[in-house]
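Biologist: I've got a model open and want to know what the labels rest on. Can you take me through them?
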Amino acid sequence: MTGDKSSATSQHMDKRRSTFSGKLGYVLAVAGSAVGLGNIWRFPYLAAKYGGGIFLLTYLILMLTFGYALIVSETALGRMTKRSPVGAFQTFGKKMPFKFGGWVNAVIPMLIVPYYSVIGGWVIKYLSEYLRGNTQILARDDYFTGFISDGFGVELWFLAFSLIVVVVLFAGVKHGVERVSKVMMPLLVILAVFVAGYSMTRPGALEGVKYFLIPNFENFSWMTVVAAMGQMFYSLSIAMGILYTYGSYMKKDVDIEKSTTQVEIFDTAIAMLAGLMIIPAVFAFSGGDPDTLQAGPSLMFITIPKVFASMGFGTGAGIMFFLLVLLAALTSAISLAESGVSTFEDQLGIGRHKATILMGVIMILFGSASALGFGVLDFVSVLGMSILDFFDFLTNSLMMPIAALATCLLVTHVAGLNRVIEEVEQSSEFKRKKLYCFFMKYLAPICIVIILLSSIANVFGWITM
Ligand code: TRP
C-alpha cells in the first residue's frame, strides 16, 4: 500500500520534472501564465484609481528592481531544488519557519483562483451578450451595476467559468488549451493595438492619455505604492510559488536573467496597451468623470462597451475582444488551479482526481461568496470591502508581501546569495549581480515592510485605499 503510493508519487514527480523544450518554450510558458486578467482588467483600473502616470512610474520602478530580483530568486531556487515551493523551502530545513514559508506561497493561488473565476464569469457574460448583438445595451450607464447586483446571474456565469477550468484539469488537456492560447495571444495583441488606437483618437481622449502616461506628483499617496506593488506580484505571477515550479522545469542552459527581462517587457507592454484602451476611453466617453476613474474592478466592463458601441463593427469587435480575454483568463485560471492541485497531490499524498475535486470545492465556496457579494450577500462587508475586494486585498496586499519576505529571507539568510548567484551563473554571466544583491539585501525588505505596514494601517482605517 505504502509502496504503491510512494511509487505513484515518484512517478508523478518524475513526470512533473519534465523540462521545457527550450529557451523560447520557457519564456512562452512563463509569459502565458503572466498575461491574463491582471494585465487587461486589473492594471487599468488600478492605474485609473491610484493617480495615472504616477502609478505607472511607481509600477515600472518596482518591476525593474524588486520584481526583477524576486523573479530571478524564485526561478533559481526552483531550478536548484527541483521542487515546487513547499518542497523547495523544506530542502533547506524541516522546521516550522520553512513549512510556513513554503505554505504561504502555495496557498495564495488557491485563494486567487476563486475570485479570478468570478471575473472570468463576467467576461463570459459579456461575450454572450455581444454574441446576441446587445452591443448598445451593454454600453448603458447602469448596465454593469444591474448585472452584478443580480447575484444568481453572476453565480451562474461564475460556475460556467469554473466548470471549464475543472473539466480541463480533469481531462488533462491543459496543453491543448495552451496551444490554442499561443495562437490567440498574438491576435489579442493586434486587436488591442487597434482598440487602443481607436480609443486614443476619440475627441477628449488625449486628456486620458496624458493622465495615464505623465506622472503628476500631486496624485501620489502611499496607497499608490501599495497598489503598484500588489499589482506587480499579481501580474508577473510572483510571490505565490509559481516561479519555483516553473524554475524546477527549467533546463540548466536557459539564461535566467534574459528570460526574466523578456517576460517583464512582454507583460508590461500588454498591461500598458490595456491602459491605453481603457483610460482614454474614460475621458472620451465618460467625460473624465472622477467617479468613473474610481470605478475599480468594474472599469473595464463599463468603458470598453462604450468604445465598441460607438464604432462600426462594434459587435464583431466586442465578440473578438471578450473571446480573446476569456482565453487569456482561462489559461491563467487553469495554471493557478493546477498549482493548487499539484500542491495537494504532493503534500497530502492524494491522487490527482481527489486533488482536483478538493480544488473545485474551494473554488466554488470562496468564488460563490465573491460572486454573491455584490447581490444577495451585499450586506456582508469584510473590513469595509466587498467579499471579492477582500480576497483581492488579502492575497495581494497581505499574503504576497509575506510570501516575498519568506523568499528574501530564504535567499539572504539560509541558502545564501552566493548559491543563487552560482545557479544563475551556470547558464550565463550574471550581469546585474551587484544590483541583485543590493535589491535582495536592502530594497526588497524595505519595500515589503512598507507595504505590510500600509496594508495594516489601511485595515484599521488609519489610511484609506
Ligand atoms: N499573472 C496573471 C494575470 O496577470 C494572474 C496570475 C497570478 C497567474 N498568478 C498566477 C496566472 C499564476 C497563472 C499562474 O492575470
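Modeller: Let's begin with a term: on a 1 Å grid over the protein atoms alone, a cavity is a set of points where a 1.4 Å probe fits but cannot get out. A molecule sits in one if more than half of its atoms lie within 2 Å of its grid points. Here the space taken by the ligand is the largest cavity. Keep in mind that this is a predicted model, where local features need pLDDT of at least 70, side-chain atom pairs count only at pLDDT 80 or more, and totals for chains, interfaces and linings use all residues. Residues are numbered from 1 along each chain as its sequence is written, and side-chain values use heavy atoms, without hydrogens and water.

Biologist: What makes the backbone of G38 a polar contact of the ligand?

Modeller: The term needs a pair of N or O atoms within 3.5 Å. A backbone N or O atom of G38 lies 2.7 Å from a ligand oxygen, so the pair qualifies. A polar backbone atom of A34 is 2.8 Å from an oxygen of the ligand.

Biologist: Why is the pair Y126 and F301 called edge-to-face?

Modeller: Rings of Phe, Tyr and Trp (its six-membered ring) pair if their centres lie within 6.5 Å; planes under 30 degrees apart are stacked, over 60 edge-to-face, and the rest tilted. Y126 and F301 are 5.1 Å centre to centre with 70° between the planes, so edge-to-face fits. Y126 is in helix α6 and F301 in helix α16, so the pair ties together parts 175 residues apart in sequence. Helices here are DSSP runs (H or I, at least four residues), numbered from the N terminus.

Notes: Polar contact = N/O pair within 3.5 Å; in protein donor to acceptor, adjacent residues only side chain to side chain. 1 Å grid on protein atoms, 1.4 Å probe; cavity = no way out; pocket = protein on both sides within 12 Å on 5 of 7 lines; lining within 4 Å. Helix = DSSP H or I, 4+ residues; strand = E, 2+ residues; numbered from the N terminus.
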